[in-house]
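Biologist: I would like to go through this structure step by step. Please give the reason behind each label.

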Amino acid sequence: MSDRAKGTVLDVDGVSIRFGGLQVLRGLTMAVGEWEIVGLIGPNGAGKTTAFNCVTGFYKADEGSITHRGQDITRLPVHKRAARGLGRTFQNVGMVKTATALENLKTAQHARIAYGAVAGILGTGGVREEEKALARRADAILELVGLTHFRDTVVASLPYGVTKLLEVGCALATDPDVLLLDEPSSGMGPEEAHELGDRLLDLRRELGLTILLIEHHVPLVTRVCDYVYVLSSGRMLAEGSPDEVRNHPEVIAAYLGGEAPEALAATTEDAETTAIEVITQEALKAAKRARKKAS
């Protein structure tokens with residue numbers, strides 16, 4: 001366990017998982033401190049979402065342990081981890097697209113509902129009061145994430161970036177103390193991603209949240225994260241402050257598929273030119289050229 005694991009909220013220690021003959025995670029160790037915003041980055045296929053699935057219980061790790069506030073939760077089912085305060089979003093939007101924003105936020109609070117199925121069908125006075133309370137809390141969350149004007153809009157008709165922000169709201173509705181966000185800026189433009197960063201910083205300050213996020217929008221990571229872990233091929237490649245990570249030669253090489261002579265030279269010339277966002281764009285262009293040659 002790393003030095004950062006001392007006194008932290010969420011600790012992942014030596015987690016490994018294999019699917020058939022494919023080793024997806026190899027001895028993953030990371031720690032998330034109280035009120036920190038921690039980034040988990042890496043090339044596509046590095047194992048980032050698999051790591052989230054192990055932390056939240058969707059996958060059972062073959063080796064290693066996961067601890068939340070000092071309690072081993074490695075074998076706890078998903079719903080018990082959620083009840084402990086682990087809330088998450090997904091790469092693909094996981095909401096009812098035929099329901100409104102308000103209805104999705106009320107559904108996300110299902111663990112708070114005290115009435116049973118029969119009372120719900122009969123619609124007793126107690127049920128109606130509880131439904132009003134759920135709606136009030138949903139409205140408060142909509143205001144918090146800046147989506148009040150989409151309250152009664154069906155999710156299927158929302159812009160994708162707005163839908164991703166609403167999903168963050170649904171995760172907040174579970175009353176988490178650790179919020180795990182899987183590519184929250186996906187589908188957003190630069191300005192929307194900047195606003196998302198402001199929202200995350202506000203949520204940390206106003207709600208005392210601890211946040212772990214997978215993110216490809218590097219300016220967002222460098223602006224909001226206190227600490228960053230980098231995965232490559234299921235292994236921890238590097239960790240440190242955003243500046244330390246984005247200037248790490250092995251990180252640069254990983255984003256360029258191991259061929260980074262110009263980028264590696266740039267690390268000693270100009271820190272700005274070594275930002276992973278620029279490097280990632282170069283890697284994408286190289287991949288496009290390779291695909292054209294292959295076809």
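Biologist: Leaving aside neighbours within four places in sequence, which residues is Val 38 in contact with?

Modeller: Beyond those neighbours, Val 38 is in contact with Ala 31, Val 32, Ile 211, Leu 212, Leu 213, Cys 225, Tyr 227 and Tyr 229. Keep in mind that this is a predicted model. Take Tyr 229: Val 38 and Tyr 229 are 191 residues apart in sequence, but 7.7 Å apart in space, C-alpha to C-alpha.

Biologist: Where does Val 38 lie, and what makes it buried?

Modeller: Val 38 lies in strand β3, residues 37-41. Its relative accessible area is 0%. Buried means under 20%, so Val 38 is buried.

Biologist: What share of the chain is buried?

Modeller: Buried residues make up 47% of the 295 residues. The chain has twelve helices and ten strands. About 14,400 Å² is exposed, and carbon and sulfur atoms supply 52% of that area.

Biologist: Why is helix α1 called largely enclosed?

Modeller: Count the buried residues. Helix α1 spans residues 48-56, and eight of its nine residues are buried, so the rest of the structure largely encloses it. Among the buried ones are Lys 48, Phe 52 and Cys 54. Just after α1, Gly 57 takes a positive phi of about 95°.

Biologist: How do you know that Cys 54 is buried?

Modeller: Its relative accessible area is 2%. The limit is 20%, so Cys 54 counts as buried. Cys 225 has 7% and is buried as well.

Biologist: How many disulfides does the structure hold?

Modeller: Zero. A disulfide is a covalent bond between the sulfur atoms of two cysteines. The pair of sulfur atoms must lie within 2.5 Å to be counted.

Biologist: What makes the meeting of Glu 34 and Arg 69 a salt bridge?

Modeller: The N to O distance is 2.9 Å. The cut-off is 4 Å, so the pair qualifies. The pair links distant parts of the chain: Glu 34 is in the loop between β2 and β3, Arg 69 is in the loop between β4 and β5, and they are 35 residues apart. Glu 34, at 38% relative accessibility, is partly exposed. Arg 69, at 41%, is partly exposed too.

Biologist: Which residues do salt bridges with shared partners join into one network?

Modeller: Glu 34, Arg 69 and Asp 177. The count for the structure comes to ten salt bridges.

Biologist: Why do Arg 137 and Asp 175 count as a salt bridge?

Modeller: Their closest N and O atoms are 3.9 Å apart. The limit is 4 Å, so this pair is counted. Arg 137 is in helix α5, while Asp 175 is in the loop between α6 and β7. These two residues are 38 residues apart.

Biologist: What makes Ser 233 exposed?

Modeller: Its relative accessible area is 54%. Exposed means over 50%, so Ser 233 is exposed. Ser 233 lies in the loop between β9 and β10. Its phi is positive, about 55°, although it is not a glycine. Most residues other than glycine have a negative phi.

Biologist: Is Glu 183 buried or exposed?

Modeller: Glu 183 counts as buried, at 15% relative accessibility. Its place is in the loop between β7 and α7. Its phi is positive too, near 50°.

Biologist: Which residues form a nonpolar patch on the surface?

Modeller: Phe 19, Leu 22, Phe 58 and Tyr 59, with about 380 Å² of accessible area together. Phe 19 is in strand β1. A patch residue needs over 30% relative accessible area. Phe 19 has 38%, so it passes that cut-off. That value also makes Phe 19 partly exposed.

Biologist: Which elements have the lowest and the highest mean pLDDT?

Modeller: Helix α11, residues 261-266, has the lowest, at 42. Strand β4, residues 63-68, has the highest, at 97. Over residues 258-280 the pLDDT is below 50. The mean for the chain is 82, and 77% of its residues reach 70 or more.

Conventions
Residues are numbered from 1 along each chain as its sequence is written. This is a predicted model: local features need pLDDT of at least 70, side-chain atom pairs count only at pLDDT 80 or more; totals for chains, interfaces and linings use all residues. Side-chain values use heavy atoms; hydrogens and water are left out. Buried means under 20% relative accessible area, exposed over 50%, partly exposed in between (1.4 Å probe, protein chains only). Patches are made of residues with over 30% relative accessible area and no salt bridge: like charges are joined within 9 Å, nonpolar side chains (Val, Leu, Ile, Met, Phe, Trp, Tyr) within 5 Å. Accessible areas come from the Shrake-Rupley method with a 1.4 Å probe; for residues, only the protein chains shown count as cover. A salt bridge is a side-chain nitrogen of Lys or Arg within 4 Å of a carboxyl oxygen of Asp or Glu. Helices (H or I, at least four residues) and strands (E, at least two) are DSSP runs, numbered from the N terminus. Contact means heavy atoms within 4.5 Å. pLDDT is the predictor's confidence in each residue, from 0 to 100.
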